[in-house]
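Student: I have a structure in front of me that is new to me, and I would like to understand the words used to describe it. Could we go through them one at a time?

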Amino acid sequence: MARDLSIVMPAYNEAANIAAAIEEVHRLVMPHVRTAEIIVVDDGSTDDTAALLKGLEAKHAALRVVRQENAGHGPALMRGITESDADLLLLLDSDRQIDLAAFPAHLGRMKANALDALLGVRTPRNDPTSRRLLSRMMRRIIAARFGRAPRDAGAPYKLIRTETWRRHVAPHVAADASVPSVLAAIILLNGTEARTEEVEVMHKARAAGRSTLNLRRISALSSRAVTEIRQLHGKLGRRTP
């Protein structure tokens, strides 16, 4: 029997956050569904993340850890999604920057409005200027190609029905995609019958640890993201308005 919810969390060198991140999910998300699992994909961490996850996995029956060689955040997220057998997916990062207190209201909104997907919008955005500029650039590129751009395509908070992902997103997003969360938001808001809404989520400053996205990595990710958005445009057959 399928679970109600899989919480999918990629993790890379998040030793400072991972235990608290899992605790927050247990406390703020899992009590509001009948059956759930947490899938953490350790993307080849080189700090103590793997050791901490091993201990946490023994402690929490609902936690499942998937380990892989470092492939990047996007492939790690895709790997976690393929591991799920639940009816719903909650896509999160493991840095604890999303306040999960509103999850029960979001789940209720999905049910009340018969939604297929709920896409988070980080408010206010507590990230360095370079990352905010990247998001702004992505939004302009998406709007130019597709007409409708998600308010915050890369937000690490998306609640999506698994069947919706498989039907609408999976056919167009490769397992090694760099920005699958961005591509999913584009697809769900452009040209599908999926019932999708956007909702503001409180975005907190990073409480511990340091982001692994430096300027060099941001530049490389931006280049790959632009390529993947262009390729998606070709696959969907969209026309620039």
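Tutor: Gladly, and let us begin with a single residue: at 23% relative accessibility, Gly44 counts as partly exposed. Please keep in mind throughout that this is a predicted model.

Student: Why is Gly44 called partly exposed?

Tutor: Buried means under 20% relative accessible area and exposed means over 50%, with partly exposed in between; the value for Gly44 is 23%, so Gly44 counts as partly exposed. As for its place, Gly44 lies in the loop between β2 and α2, and, leaving aside neighbours within four places in sequence, Gly44 is in contact with Tyr12, Gln68, Glu69 and Asn70.

Student: How do you know that Asp4 is buried?

Tutor: The relative accessible area of Asp4 is 15%, and since the cut-off for buried is under 20%, Asp4 is buried. Asp4 sits in the segment before β1, where, not counting residues up to four places away in sequence, Asp4 touches Val33, Arg34, Thr35, Ala86, Asp87 and Leu88.

Student: Turning to helices, what puts the buried residues of α1 on the same side of that helix?

Tutor: In helix α1, which spans residues 18-28, the buried residues are Ile18, Ala21, Ile22, Glu24, Val25 and Leu28. They cover an arc of only 155 degrees around the axis, and this puts them on the same side of α1. What they pack against is a set of elements made up of β1 (5-11), β2 (36-43), α2 (49-59), β3 (63-68), β4 (88-92) and α4 (103-112).

Student: What puts the buried residues of α2 on the same side of that helix?

Tutor: The buried residues in question are Thr49, Leu53 and Leu56 of α2. They cover an arc of only 65 degrees around the axis, which is why they are said to lie on the same side of α2. The face of α2 turned away from this buried side carries the exposed residues Ala51, Lys54 and Ala58, while the cover over the buried residues of α2 includes β1, α1, β2 and β3.

Student: What makes the angle between α1 and α2 count as roughly parallel?

Tutor: The two helices pack at an angle of about 30 degrees, with their axes 10 Å apart, and because angles under 35 degrees count as roughly parallel, α1 and α2 fall under that term. In this packing, Ile18, Ala19 and Ile22 in α1 meet Leu52, Leu53 and Leu56 in α2. By class, the contact of α1 with α2 has 6 nonpolar, no polar and no charged residues.

Student: Why, then, are α6 and α7 called roughly perpendicular?

Tutor: Helix α6 and helix α7 (residues 180-189) pack at an angle of about 85 degrees, with their axes 10 Å apart; the range for roughly perpendicular is 65 to 115 degrees, and α6 and α7 are therefore roughly perpendicular to each other. Their contact is made by Thr164, Trp165, His168 and Val169 of α6 together with Pro180, Ala184, Ile187 and Leu188 of α7. Divided by class, the residues of the contact of α6 with α7 are 6 nonpolar, 2 polar and no charged. Helix α6 itself, residues 162-169, also lies across β4 and β6, running at about 90 degrees to β6.

Student: What makes β3 and β7 the edge strands of the sheet?

Tutor: The open sheet has 7 strands in the order β3-β2-β1-β4-β6-β5-β7, with mixed pairing. Its edge strands are β3 and β7 (196-202), each of which pairs on one side only. Neighbouring strands of this sheet are turned by 20 degrees against each other on average, direction ignored.

Student: How do you know that β5 pairs with both β6 and β7?

Tutor: Two strands pair if there are at least two bridges between them; 3 bridges join β5 to β6, which run antiparallel, and 7 bridges join β5 to β7 in the parallel sense, so both pairs meet the cut-off. Within these pairs, the bridge partner of Leu118 is Leu159 in β6, and Arg122 stands opposite Val201 in β7.

Student: And why is β5 described as mostly covered?

Tutor: Of the 7 residues of β5, 6 are buried, and buried means under 20% relative accessible area, so the strand is described as mostly covered.

Key: Residues are numbered from 1 along each chain as its sequence is written. This is a predicted model: local features need pLDDT of at least 70, side-chain atom pairs count only at pLDDT 80 or more; totals for chains, interfaces and linings use all residues. Side-chain values use heavy atoms; hydrogens and water are left out. Buried means under 20% relative accessible area, exposed over 50%, partly exposed in between (1.4 Å probe, protein chains only). Helices (H or I, at least four residues) and strands (E, at least two) are DSSP runs, numbered from the N terminus. The arc is that of the directions from the helix axis to the C-beta atoms. Contact means heavy atoms within 4.5 Å. Axes are lines fitted to C-alpha atoms, for helices over the stretch in contact, and angles run from 0 to 180 degrees between N-to-C directions. Ala, Val, Leu, Ile, Met, Phe, Trp, Tyr, Cys and Pro count as nonpolar, Asp, Glu, Lys and Arg as charged, and the others, Gly among them, as polar. Angles under 35 degrees count as roughly parallel, over 145 as roughly antiparallel, 65 to 115 as roughly perpendicular and the rest as oblique.
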